[in-house]
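Let's take a walk through this fold together, starting from a single residue and working outwards. Have the model open and ready to rotate.

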Amino acid sequence: MSERKDFLLEIGTEEIPARFLPPALKQMRTLASEAFASKTLYYQQIEVYATPRRLTLLVKGLIIKQPDSRTEIKGPALKSAYDADGAPTKALLGFCKGHGLEPDSLRQKEISGNIYLFADKEINGQHTVAVLPELVNNFISKIYFPKPMRWGYQEMRFARPLRWLIVLFGDDIVDMEIAGIKADRISRGHRTLGSQQIIIDNTESYLSQLAENFVICDQQQRRQIIWQQINHVAASVGGHVENDEELLTEVVFLVEFPTALVGKFEQKYLQLPQELIITPMREHQRYFPVYDQVGKLLPLFITVRNGDDHYLETVAAGNEKVLRSRLADAEFFWHEDLAANMEANIERLSSVVFHEKLGTLRQKVTRVGELATLIAAKLNYDDKDLWQTQRAAQLAKADLVSNVVYEFPELQGIIGEYYALAAGEEKSVAQAIREHYLPRFAGDQLPQCNPGIAVSLADKLDSLICFFAIGLQPTGSQDPYALRRAAAGCTQIIIKNNLDISLKEIIEFDYQLLPKDVASVSMEECCNNLLDFFRQRVENYFNEEHVTYDNINAVTAKFGDNILDVLRRVEALCIFRQQAGFAPLMAGFTRAANLLRSAKSSQLPADIDNQLLKEEAEKQLYKQLLLVEADVKSAFEQKDYLSVLNHIGELTPFIDQFFVDLMVLADDLALRNNRVALLKRIIALSASFGDLTKIVI
């Protein structure tokens, strides 16, 4: 086995934003793996680490030399390699000189009727240490950051300026530099607790030497330590902390040596809405709220210090002072907003621009109200639900001009529910104000009450229709108005609540409510584009639900404008595929479709000619087809799609007998075309359901 050594790369930087680090680690692992593979440098394991001040790559068991290889080199054509006297030409001599070969060492090989000369050349593998400098520079330059920086006179862009660089292969420094910084073995410990000149003895001692200098380099180890500390501190004050992976991940990449501590705030702030307390804690200060055993918020928080456990009382006092200021602001804004009139806030939306071409938020509120009323009517809401839907739609955006939402945008809708309740609105109206933003992200909860469902759909659909109407539909990865998320949210709401509703009717209705002359595409084009957009979202939904791709393709080939209808057909097809008659039917359908594709459709008769049905097999197939067509039509009208498929399956023995007894492509052109027309009518029988020929058996 080849001799191996460990390879260590540490890129020391100014503090990198926490949100940059998880994707950077993932990229570094992938890019490094690809880089080593491209150079045939085999290794046993790759590990990646990150703290706010460093990105580290540790490659264990890296071979010290590339393996030798043998390659085939194509030379000149035989006819141009030698002159009339058989002497080597300049072309051949030049080829041999360039590769250090002799003419008589070459062999001949035929390619496309021509004879060429080839050489087999042994390539000695390079020593790994010679390959590393270029390899490392290349993959580091490919790491993407959302907002890269340049510094000094360097051309390189990185998350933050580089300050030191370690590149070790085994015990030895690799001679290279990045962005003007020469590789060494000197690292830096914690900014205040550790040494700023740690001489790394070798790759094996790297993690332990950093730990001695108050740097826990392994982010998984930091995560475990932080979570254990948080739970221990919470338990010590009689509370607990709810699991919050997003916040925990951010804190992990904010610190190098974590110490959790508890702080407190005044009891009076617990009179505020819980979200108004938690949001400044979590979003602004990265604090963990503490709850009692029944889930009630306590006047406590837990924060994680980047340092040891000295002077924790002083650190806690400082954090308490900062939070006290934020909660005092929140309390002031809350009371100021309660004194305002929600009706007046609706009119203030006239001064808030929704989009320069689409008018104000006040105009959007009017459209959403009319669209929500239409949706509620189509869903057969009773008078109470209908009124609550209209009221919720009217008030849904009122909190956007409140002081709290201006300061804490994350609370839009949430704080609106509290304001509505405080103003004496019905509970379902207030609930719908909060729910109309749902789902905010993949996996988020969906609206629960009827008014919330209608207003949520109306709000999202109006945005989709507006932006598609002015030609601002998403392209590639660009989606500045989050329209994919809006369409996915509508899809989930419709499917999860079994809403039987026509998208086309909604699109056409809302299109006509747009400001005059604002649309850059016709209503028909807008509708077609949006329905295709929804078809993609529906396909994504079924993919996530692990429906097979061919089932999805078969059904969405006939998408229409009713998502619930697509769901019913997908469910029916999934059940039908489990039945014994499925495979035989699909075999017959596939054969019929293949014959139909090979025929010239322009020569087929408009309908089947009974007089040309000569053989018993085709007569029986046609007779059965007439019976099945009537049954299928009745099942379609009842939207009983499993019955549709079962009725189509009744044709299977007749189709099989047809193919056994008859030559479809008969010499007699009239007979041939009539038989193909019969097959065409069979294929058309399922066209309203979808395209069964897309199913893979």
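Why does Val455 count as buried? This is a predicted model, and in it Val455 has a relative accessibility of 0%, while anything under 20% is classed as buried, so the residue qualifies.

Now look at what surrounds that side chain. Leaving aside neighbours within four places in sequence, Val455 is in contact with Val368, Ala372, Thr389, Ala392, Ala393, Ala396 and His436. There's also Thr373 to check out: it sits 82 residues away from Val455 along the chain, yet their C-alpha atoms are separated by 8.6 Å.

Zoom out a notch and you'll see that Val455 belongs to helix α16. This helix covers residues 450–469, 20 residues in total, and spans 28 Å from its first C-alpha to its last, close to the 28 Å expected at 1.5 Å a residue. Val455 has buried company here, as 19 of the 20 residues in α16 are buried. Just past the end of the helix, Gly471 takes a positive phi of about 80°.

What does the helix pack into? In soluble globular proteins, nonpolar side chains tend to be buried together. Here the largest nonpolar core has 134 residues, and the members touching the most others are Ile375, Leu457, Leu461, Leu464, Phe534 and Phe542. Helix α16 supplies the largest share of this core, with 12 residues. Pick Phe542 from that list and, again skipping neighbours within four places in sequence, you'll find it in contact with Val547, Ile552, Val566, Leu567 and Val570. A second core of 63 residues is separate from this one; among its members are Ile46, Phe139, Ala260 and Val290.

Next, head over to the strands. Strands of a sheet pair through backbone hydrogen bonds, either parallel or antiparallel. The sheet to find is an open one with three strands in the order β4-β6-β5, and its pairing is antiparallel. Because β4 (69–77) and β5 (107–111) are at the edges and have a single partner strand each, one side of each has no neighbour in the sheet. On average, neighbouring strands in this sheet are turned by 40° against each other, ignoring direction.

The pairing between β4 and β6 (residues 114–123) is antiparallel and runs over seven bridges. If you want a spot to zoom in on, Glu72 stands opposite Asp120 in β6. Finally, helix α3 (residues 90–99) lies across β4 and β6, and runs at about 160° to β4.

Terms used: Residues are numbered from 1 along each chain as its sequence is written. This is a predicted model: local features need pLDDT of at least 70, side-chain atom pairs count only at pLDDT 80 or more; totals for chains, interfaces and linings use all residues. Side-chain values use heavy atoms; hydrogens and water are left out. Helices (H or I, at least four residues) and strands (E, at least two) are DSSP runs, numbered from the N terminus. The expected span of a helix is 1.5 Å times one less than its number of residues. Buried means under 20% relative accessible area, exposed over 50%, partly exposed in between (1.4 Å probe, protein chains only). Two strands pair if DSSP finds at least two bridges between them. Axes are lines fitted to C-alpha atoms, for helices over the stretch in contact, and angles run from 0 to 180 degrees between N-to-C directions. Contact means heavy atoms within 4.5 Å. A nonpolar core is a set of buried Ala, Val, Leu, Ile, Met, Phe, Trp, Tyr and Cys residues joined through side-chain atoms within 4.5 Å.
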